[in-house]
Amino acid sequence: MEQFQKEKEELDKGCRECKRKLAECQRKLKELEVAEPESGKGELEKLQAEAQQLRNEEKSWENKLEELRKKEKNMPWNVDTLSKDGFSKSVFNVKAKEKEETEEQKEKKHKTFVERYEKQIKHFGMLRRWDDSQKYLSDNPHLVCEETANYLVIWCIDLEVEEKHALMEQVAHQTIVMQFILELAKSLKVDPRACFRQFFTKIKVKIPPGLPKIPP
């Protein structure tokens, strides 16, 4: 990711510099055409050739930038690929934090969180559109955490036991979304609240396996 960003910055810099040189060359051409249309013929031809070369270079820079943008869109997610089989492995087995907590601490933390935010978690679990999910998490960033993912997992199991399959599939989708955000944060080594917008930006361009296409 760091190497990719460095390459992008270098291409942007090269393209800007080429455009600057071309603009300067075209300015000189215009001045020469007005001031010395005949006597400056040799210099005029030289500047015209230089301008053409710079146009070719500009096109080359822009092509490289376009290729890099395509490469960025097609970059694999730096998290586990999700599939229906992967749902049971990646979603239901929520990874423990690096700093281990006791089971009692985890249970108390989860209970406190659910008591405070259960209504909001359930609302998120029922959202269907990417934009709605992103906006809701933007308004309630405290929901971007493992406690939310854990609650959604348990809710999915309860719905399946109750044979509410359609509702379970809806909540399962949002469970995968939350788990994907958490995994992305771990891979980037950032707080999940700092990268969930990046997730939604990319998900609208490329849907990973396991997530159905839904309206933006």
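Start by selecting helix H7, residues 165-188. At 1.5 Å a residue, its 24 residues should span 34 Å, and the end C-alpha atoms are indeed 34 Å apart. The expected span is 1.5 Å times one less than the number of residues. Helices here are DSSP runs (H or I, at least four residues), numbered from the N terminus.

This is a predicted model: local features need pLDDT of at least 70, side-chain atom pairs count only at pLDDT 80 or more, and totals for chains, interfaces and linings use all residues. Residues are numbered from 1 along each chain as its sequence is written, and side-chain values use heavy atoms, with hydrogens and water left out.

Stay on H7 and colour by burial. Of its 24 residues, 17 are buried, so the helix is mostly covered. Buried means under 20% relative accessible area, exposed over 50%, and partly exposed in between (1.4 Å probe, protein chains only). Step just past the end of H7 to Lys189, which takes a positive phi of about 60°.

Next, select helix H8, residues 196-203. Show Phe196, Phe199, Phe200 and Ile203, the buried residues of H8. They cover an arc of only 90° around the axis, which puts them on the same side of H8. The arc is that of the directions from the helix axis to the C-beta atoms. An α-helix has 3.6 residues a turn, so residues three or four places apart point the same way. What do the buried residues of H8 pack against? They pack against helix H5 (130-139) and H7, where contact means heavy atoms within 4.5 Å.

Now turn to the salt bridges. The rule asks for a side-chain nitrogen of Lys or Arg within 4 Å of a carboxyl oxygen of Asp or Glu. The count comes to 8.

Select Glu62 and Lys19. Their side chains meet in a salt bridge at 2.9 Å, N to O. Glu62 lies in helix H2 (residues 41-73) and Lys19 in helix H1 (residues 2-35), so the pair ties together parts 43 residues apart in sequence. Glu62 is partly exposed at 36% relative accessibility, and Lys19 is partly exposed at 35%.

Move to Lys186 and Glu146. Their closest N and O atoms are 3.3 Å apart. Lys186 belongs to H7 and Glu146 to helix H6 (residues 146-161), so this salt bridge links parts 40 residues apart in sequence. Lys186 is partly exposed at 37%, whereas Glu146 is buried at 13%.

Last, pick Lys164 and Glu162, a salt bridge with its closest N and O atoms 3.3 Å apart. Finally, add Glu58 to the view: salt bridges that share partners join Lys19, Glu58 and Glu62 into one network.

Conventions. Helices (H or I, at least four residues) and strands (E, at least two) are DSSP runs, numbered from the N terminus.
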